[in-house]
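The following exercises concern strand pairing, helix packing and residue environment. Each task is followed by a worked solution.

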Amino acid sequence: MLARYRYRIEPTEVQRGMLARTFGCVRVVFNDAIRCREAARRAGEKISPTDVQRRVITEAKTTDERAWLREVASVALVQSVRDADRAYRNFFDSLAKRRRGRRMGRPRLKSRKDSRQTFRLTRNGFVLRAGGQLYLAKIGDVRVRWSRLLPSDPSSLTIILEPDGHYYVSFVVDVDPAPLPQIDREAGVDLGISRLAVVADTDGQCLTIANPRHLARKLRGLARLEREKHRRAKGGANREKTRRKLAAQHAKITRARRDHHHKQALILIRENQAIYVEHLNIVGMVANRRLARAIVDAGWAQFIRLLQEKAERYGRTVQAVSRWLPSSKTCSSCGHLMDAMPLEIRSWTCPKCGAAHDRDRNAALNILTAGRAEKRNACGAQVSPLDGEAPGEEAGSSQGLRAAEHVKGRMVYVL
């Protein structure tokens, strides 16, 4: 499987100038590729990616207007054209519904004012020296802060300039799977805001993962820096200094959140053979202006992505249950479905069986049972229709929940 290994690099002043020139050339070539495709579309001409590359790189280098493209590595320019072609293919696949996920928009031009710049090199554009330095084509040997060893020879790399002014290199390497010994425990995960996640497992235990609220704890300092930046004159050196301070604070928040997610995801993967999570419409939920900041601060999408990546590497399973599962308002003891469950209600008592529930723990139990039922039904297990009565509890089962409503239709999964 492929993985990314990221390191900090420390280019010299001359190398920074060459990196800036490469960033600019890559951006210009990407924009030229989009303009070329749009011009061909308006003219009714069918153009291939090879023709686009020939026009915006090979032929452009012979003109006075784009002669400076010869000063940077051609590998980076070719990869930029391929990025533009990939953007168009994603756009067309999204229109034709061949691509999963939210709809992709038409490729847009890149701006030179973007504070984050990148370019990519393949194997013929870089060399790893024996002394630990990284040679980049037409840039030279760059010092790398090796925080860990690479597991294999990289197939490509990406040079990144972050908004805080720091440079990074991200290697793409092939990593061998390292499956962990199989265990019987499975877990359901309910994501939240006050708590990052509540985990209910088949051993009857309930684990709470705290939400450190990295952004919320830094809001006061960020607001002060924002006010300071807007007091500075646009285009001035002092405004740029404050912008970098602000970007550095945001970078610290991002790194702290990512570190917390990595550690918690690894713990869950090591302790559970299968993990079931709810398939949340995070993009739609962020549209709620009252909860958008808290949802983004929690970083649900990143946490789920890390769970999936680690599960693939360590031989575990991460399965998403339907977003329409009424996990919060279904009793995990008898299967009774409440009519409504507002967000302010954090604990409730089932009117049918009298069981007292914590909202998040009850949702985690429902997600666990629904996920296990879907897994079992995929192997040919029986699915019982809902006849107004909750199904009986199966002997020997360790879960409190025995029923969960299906996505579209009145179906109950029985374990």
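**Exercise 1.** In this predicted model, determine which residue of strand 9 stands opposite Leu191, and describe the sheet around this pair.

*Solution.* Leu191 faces Ala197 of strand 9. Strand 8 (residues 186-191) and strand 9 (residues 195-201) run antiparallel and are joined by five bridges. The enclosing sheet is open, with five strands in the order 10-9-8-11-12 and mixed pairing. Strand 10 (206-210) and strand 12 (317-321) are its edge strands, each pairing on one side only. On average, neighbouring strands are turned by 25° against each other, direction ignored.

**Exercise 2.** Identify the strands that helix 8 touches, and characterise the environment of Ala311.

*Solution.* Helix 8 packs on the sheet and touches strand 8, strand 9, strand 10, strand 11 and strand 12. The direction of helix 8 makes about 140° with that of strand 12. Ala311 lies in this helix, which spans residues 300-314. The relative accessible area of Ala311 is 3%; because buried means under 20%, Ala311 is classed as buried. Beyond four places in sequence, Ala311 touches Ile269, Arg316, Thr317 and Val318.

**Exercise 3.** Classify the mutual orientation of helix 1 and helix 3.

*Solution.* The axes of helix 1 (residues 13-42) and helix 3 (residues 74-95) come within 8 Å and cross at roughly 40°. The two helices are therefore oblique to each other. The crossing is right-handed. The residues of this contact comprise 12 nonpolar, two polar and four charged.

Methods:
Residues are numbered from 1 along each chain as its sequence is written. This is a predicted model: local features need pLDDT of at least 70, side-chain atom pairs count only at pLDDT 80 or more; totals for chains, interfaces and linings use all residues. Side-chain values use heavy atoms; hydrogens and water are left out. Helices (H or I, at least four residues) and strands (E, at least two) are DSSP runs, numbered from the N terminus. Buried means under 20% relative accessible area, exposed over 50%, partly exposed in between (1.4 Å probe, protein chains only). Contact means heavy atoms within 4.5 Å. Axes are lines fitted to C-alpha atoms, for helices over the stretch in contact, and angles run from 0 to 180 degrees between N-to-C directions. Angles under 35 degrees count as roughly parallel, over 145 as roughly antiparallel, 65 to 115 as roughly perpendicular and the rest as oblique. A crossing is left-handed if the near helix is turned anticlockwise from the far one by less than a right angle, and right-handed if clockwise. Ala, Val, Leu, Ile, Met, Phe, Trp, Tyr, Cys and Pro count as nonpolar, Asp, Glu, Lys and Arg as charged, and the others, Gly among them, as polar. Two strands pair if DSSP finds at least two bridges between them.
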